[in-house]
Amino acid sequence: MKMSPQDKKLDQMLRSSTLVAGGFMGTDTRSVFVVIEADAAVLDKYGLNAAMVARRMQELTNQAQRGLGTWIDVNGGRLRVMSEEYKGLLVCPWGHPGRYDKRITIVECPEKGQTLTWSDLNIHLIDAHGFFEGKGSAFRIEPELAAAILFHKDPSAEP
């Protein structure tokens, strides 16, 4: 896929550490658009899309905030969530005007021993851009793991 000059600029900015330490692409050598397409294909296997994942992440973040930094059981104890807040704001690398709190949400599935961590910016990037970040980035969310934890999809079963 041939990228426009704007696309090349975005791809380069996502690889830099100007906005976040280590960049949004991590060690991933694929273009941002190939990453987005590949992640969408994974979600599609489970009957999911990026908007559904972002909506569920936001629901869990909202529940975690009520715990004021302590664990909260959700889904009848199948999951537990906690959020941690830090000073400062993050901005969207696509140039959207919003600013996102430096909040980290942690979701655990004790039964499976799985954990998923995200920031408020991750929710926006997934919802608005279908972008789960590149492999090797500090806040990469693997779509398969998101499906397993957030929607109780079994990655080993045929979807």
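**Exercise 1. In this predicted model, decide whether His-152 is buried, partly exposed or exposed, and find where it sits.**

Solution. Start with the accessibility: the relative accessible area of His-152 is 24%. Buried means under 20% and exposed means over 50%, so His-152 lands in the partly exposed class. Next, the location: His-152 belongs to the segment after H5. Finally, take a look at the backbone. His-152 has a positive phi of about 55°, although it is not a glycine. That's worth flagging, since most residues other than glycine have a negative phi.

**Exercise 2. Leu-68 also has a positive phi. Work out which loop holds it and whether it is buried or exposed.**

Solution. The phi of Leu-68 is about 50°, and again this is not a glycine. Going along the chain, you'll find Leu-68 in the loop between H3 and strand S1 (72-74). With a relative accessible area of 77%, Leu-68 is exposed.

**Exercise 3. Check the length of H2 and find out which way its buried residues face.**

Solution.
- Step one, the length. At 1.5 Å a residue, the 14 residues of H2 should span 20 Å, and the end C-alpha atoms are indeed 20 Å apart, so the two agree.
- Step two, the buried set. For H2 this is Val-32, Phe-33, Val-35, Ile-36, Asp-39 and Leu-43. These residues cover an arc of only 155° around the axis, so they sit on the same side of H2. The spacing rule behind this: an α-helix has 3.6 residues a turn, so residues three or four places apart point the same way.
- Step three, the other face. Turned away from the buried side of H2 are the exposed residues Glu-37 and Asp-44.
- Step four, the partners. The buried residues of H2 pack against helix H1 (5-15), H3, H4 and H5.
- Step five, the end. Gly-47, just after H2, takes a positive phi of about 70°.

**Exercise 4. Do the length and arc check for H3.**

Solution. H3 has 16 residues, which at 1.5 Å each should span 22 Å; its end C-alpha atoms are 22 Å apart, so that agrees. Now list the buried residues of H3: Ala-50, Val-53, Ala-54, Arg-56, Met-57, Leu-60, Thr-61 and Ala-64. They cover an arc of only 165° around the axis, which places them on the same side of H3.

**Exercise 5. Explain why H4 counts as largely enclosed, and name what its buried residues pack against.**

Solution. Count first: eight of the 10 residues of H4 (residues 120-129) are buried, so the rest of the structure largely encloses this helix. The buried residues are Asp-120, Leu-121, Asn-122, Ile-123, His-124, Leu-125, Ile-126 and His-129. Then look at the neighbours. The buried residues of H4 pack against helices H2 (32-45) and H3 (50-65), and against strands S2 (79-91), S3 (99-109) and S4 (114-119). H4 is followed by Gly-130, with a positive phi near 65°.

**Exercise 6. Find the aromatic pair, classify it, and say which parts of the chain it ties together.**

Solution. The count comes to one aromatic pair. Trp-94 and Phe-131 have their ring centres 5.5 Å apart and their planes at 65°, so the geometry is edge-to-face; the cut-off for that class is over 60 degrees. Trp-94 is in the loop between S2 and S3, while Phe-131 is in the loop between H4 and helix H5 (143-151), so the pair ties together parts 37 residues apart in sequence. As for accessibility, Trp-94 is partly exposed at 25%, whereas Phe-131 is buried at 0%.

One more ring to inspect is Trp-71: Arg-80 lies over its face, 4.0 Å from the ring centre.

**Exercise 7. How many disulfides does the model have, and are Cys-92 and Cys-109 buried or exposed?**

Solution. The disulfide count is zero. Cys-92 is buried, at 5% relative accessible area. Cys-109 is buried too, at 3% relative accessibility.

**Exercise 8. Place Thr-27 in the fold and name the residues it touches.**

Solution. Thr-27 lies in the loop between H1 and H2, and at 65% relative accessibility it counts as exposed. Leaving out residues up to four places away in sequence, Thr-27 touches Lys-135 and Gly-136. From Thr-27 to Arg-15 is 12 residues in sequence and 8.6 Å in space, C-alpha to C-alpha.

Key: Residues are numbered from 1 along each chain as its sequence is written. This is a predicted model: local features need pLDDT of at least 70, side-chain atom pairs count only at pLDDT 80 or more; totals for chains, interfaces and linings use all residues. Side-chain values use heavy atoms; hydrogens and water are left out. Buried means under 20% relative accessible area, exposed over 50%, partly exposed in between (1.4 Å probe, protein chains only). Helices (H or I, at least four residues) and strands (E, at least two) are DSSP runs, numbered from the N terminus. Contact means heavy atoms within 4.5 Å. Rings of Phe, Tyr and Trp (its six-membered ring) pair if their centres lie within 6.5 Å; planes under 30 degrees apart count as stacked, over 60 as edge-to-face and the rest as tilted. A charge sits over a ring if NZ of Lys or CZ of Arg is within 6 Å of the ring centre and within 35 degrees of the ring normal. A disulfide is a pair of cysteine sulfur atoms within 2.5 Å. The expected span of a helix is 1.5 Å times one less than its number of residues. The arc is that of the directions from the helix axis to the C-beta atoms.
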